[in-house]
Amino acid sequence: MVIKEDLSIMDKLTILSDAAKYDVSCSSSGVERGNNGKGIGNSKACGICHSFSADGRCISLLKILLTNECIYNCRYCINRSSNDVVRATFSPEEICELTMQFYRRNYIEGLFLSSGIIISPDETMKRMLETVILLRKKYNFGGYIHMKAIPGASDDIIKFAGWFVDRMSINLELPTNAALKELAPSKSRQSILHPMNMIKNNIHMNRYEVGMKHTNNYLSDVYNMYNTFSDDTSNEMLDTMFNDGLAANNRLNINNRLNTGNTELSAGHRYKRYIPAGQSSQMIIGATKETDYQLVTIAQNLYDKYDLKRVFYSAFVNVNMDESLPLQEDGKGVPLLREHRLYQADWLMRFYGFKSYDLLSEDNPNFNAFLDPKCDWAIRHLDIFPVEINTAPYALLLKVPGIGVKSARRIINARRMSILDFTSLKKAGVVLKRAVYFITCNGRMMYNIRIDQDYITNALIDNDKKKIYDIEHKDCYKQLSLFDCNVISE
C-alpha cells in the first residue's frame, strides 16, 4: 500500500474520482429540494439542479470517494487492502470546497459520495456524515446529494445521515450470500440488508408523519436536531454525539421516539423529508455463476421487500487480473449485452407490470442474445396476440413490443375521440417495426403477417443485429472517411 501524505487537493481528486468509476449506482432522480433563499443551489423533481450546459444537457454529479483506503480485501475490488495502489483521503472540508467550486463553475449539479472503509465502518460513516452536515449547514448547499451507507456502521449514524441527503444507497455487491463469502468474506448479507430495511422503515414513517396535519413530538425533535449544527460542526462534536450515545436531549431514535399527544410545528418550521429520493442498490454481475433468472428474482425481491427506487447492474471487470475469476475473452472487454438485457428487464418490472417469473424461469434461465426481453416474452405468448388497439386495456397495451408507457397513455386518450389506424399509432410514438407483428387496428393487421414464432423471430432479429453490435463494440467507433470501404453492412 502506498499512502501519500502531502498530496494537493487536485492530486487527491484525480486518485479518488478514478477509484469511484466502478460504482454505477449514482443516478440522480425523483427529488424536489428547495432553497431557503440564503444558500446556493436547489434540486428539481427530476433530481437535476436547474443549471444546464449550453447545449441543453443536464450537468453531472461530482462522483468521488472519501478515501480509497480500505480494511477489507474483497477479491473483485481495485481498492482492496492487498493491492499496491496509491492511497489518498479527503477531509470533509476538502470535499465541501470541491463541491462548491465545481458547482459555482456550473460543472456539476450535486454530489455522489462513497468511500472505502477507513479504520472502521463507524469511523468512515462519521466522516461522510460530517461532510454532508457541513455542506448543508455551513455552506448552505441545497443541491442533490447521494451518499453510500456503510454496512456495519451504527444504526444511529445511518439514520441521522438520512436527514441531510437526497438519496442513500447500500450496495448488495454480489447476488448471493455464498458469493459474498467466497469473494468478500468481510461482508455478509445480513449486514447489508439490515440497514436497507431500517432505511425503508424510516422513509415510510416519515411519509406518514409529514402527511398528517398535526405531528407528534418526534418531528419537532428532528427539526430541532437538524438545526442544532452550526458552522463549527467538527469531528469532535460528532465523536461526542455518537460515543456518548447521543445524550438524552438529542438522541435520534425514530423507532422509539413517537410519544403520545400531538404538537403542531410552529410557524416557519417546514416538515423535513427523510431521504426524499429513496434508496438504491447495486449488484456485480458475471463474477459468479448466477443465471439471469436468479438475478431478476433477487431484484424483484429487493423492490418488493425494501421499496428500492433502482437496482443497478455492473458488469464484472477483472481489474485485479485474478485468474480464479472470469477474464474478458479475447481482449473484447466487458460483455455489456448481459448488463443491457438486465436493465431492459428491470425497466419492464418497474414500469410495465412484468414480474421476474414472467420474463424467465428455471427452464429458460437466461435472456435471449438476439431479442430484447419484451419481444422474447411476446413471441413465447403468441396466444394472446394480435391485440386490438382500439379496445385493449392499458395493462395489455404495455405488453406489446413497440408500445411504451407514454404511447400507451396516448392511445387510451386518443381512442376516446376516434378510431385509431396505423398512421395514428405512428404519431402517438409507437415503434411500428416491432408492434406490427402483435397488433390490429379495427380488426386488421398492417401487413399479411403469419402469427408464427419462427417467422416473427426471424423478422425481429434482423432489426436487432446492429443494436447488438453497437452494444458489444461501444468503444470501437472510428471516424470514417468519404472513401472508407470498411463499412459494416447488414
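In what order do the six strands of the open sheet stand, and in what sense do they pair? The order is β2-β4-β5-β6-β7-β8, and the pairing is parallel. Please keep in mind throughout that this is a predicted model.

Let me begin with the borders of that sheet. Strands β2, residues 60-65, and β8, residues 310-315, stand at the edges; each has a single partner strand, so one side of each is left without a neighbour in the sheet. From one strand to the next, the twist averages 20°.

I turn now to β5. On one side of this strand are Tyr-144, His-146 and Lys-148, on the other Ile-145 and Met-147, and all are buried, which leaves both faces covered. This arrangement follows a general pattern: in a regular strand, side chains alternate between the two faces of the sheet. Five of the five residues of β5 are buried, so the strand is largely enclosed by the rest of the structure.

What, then, are the partners of β5 within the sheet? One is β4, residues 108-114, which pairs with β5 in the parallel sense over four bridges. Here Gly-110 stands opposite Tyr-144 of β5. Between these two strands the chain passes through α3, and the β-α-β crossover from β4 to β5 is right-handed. The other partner I shall describe is β6, residues 167-169, whose parallel pairing with β5 runs over three bridges. Lys-148 stands opposite Ser-169 in β6. Helix α4, residues 155-161, takes part in this step too: β5, α4 and β6 make a right-handed β-α-β unit.

Continuing along the sheet, β6 is joined to β7, residues 279-285, by two bridges, and these strands run parallel. The bridge partner of Met-168 in β7 is Gln-279.

Two loops beside β4 and β5 deserve a remark on backbone geometry. In the loop between β4 and α3 we find Ile-119, which has a positive phi of about 70° although it is not a glycine. Ile-119 is exposed, with a relative accessible area of 59%. The loop between α3 and β5 contains Asn-140, again a residue other than glycine with a positive phi, in this case near 55°. Asn-140 is partly exposed, at a relative accessible area of 29%.

That second loop also brings us to the aromatic residues. How many aromatic pairs does the structure hold? There are nine. In one of them, Tyr-103 and Phe-141 have ring centres 5.7 Å apart and planes at 85°; an angle over 60 degrees counts as edge-to-face, so this pair is edge-to-face. Tyr-103 belongs to helix α2, residues 92-104, whereas Phe-141 lies in the loop between α3, residues 121-138, and β5, residues 144-148; the pair therefore ties together parts that are 38 residues apart in sequence. Both Tyr-103 and Phe-141 are buried.

A further edge-to-face pair is formed by Phe-160 and Phe-164, with 5.2 Å from centre to centre and 85° between the planes. Phe-160 is buried at a relative accessible area of 2%, and Phe-164 is buried at 0%.

Elsewhere, ring pairs link Phe-354, Trp-377, Phe-385, Tyr-437 and Phe-438 into a cluster. Which rings of this cluster lie under the charged end of Lys-399? That charged end sits over the ring of Phe-354, 3.9 Å from its centre, and also over the ring of Trp-377, 5.7 Å from its centre.

One member of the cluster, Phe-385, is joined to Pro-386 by a cis peptide bond, with omega about 0°. Pro-386 is located in the loop between α12, residues 373-380, and β9, residues 387-388. Its relative accessibility is 33%, so Pro-386 counts as partly exposed. Between the C-alpha atoms of Pro-386 and Tyr-437 the separation is 7.4 Å, although these residues are 51 apart along the chain.

I close with the cysteines. How many disulfides does the model contain? The count comes to zero. For Cys-74, the nearest cysteine sulfur is that of Cys-77, 6.2 Å away, and Cys-74 is in no disulfide; a disulfide would require the sulfur atoms to lie within 2.5 Å. Cys-74 is buried, with a relative accessible area of 6%. Cys-441, at 6% relative accessibility, likewise counts as buried.

Definitions and conventions:
Residues numbered from 1 in each chain as written. Predicted model: local features only at pLDDT ≥ 70, side-chain atom pairs only at ≥ 80, totals over all residues. Heavy atoms only, no water. Phe/Tyr/Trp six-rings, centres within 6.5 Å; stacked < 30°, edge-to-face > 60°. Buried < 20%, exposed > 50% of the residue type's maximum accessible area, 1.4 Å probe, protein only. Lys NZ or Arg CZ within 6 Å of the ring centre and 35° of its normal. Pairing = 2+ DSSP bridges. Right-handed = clockwise from strand over helix to strand, strands pointing away. Axes fitted to C-alpha atoms, helices over the stretch in contact; angles between N-to-C directions.
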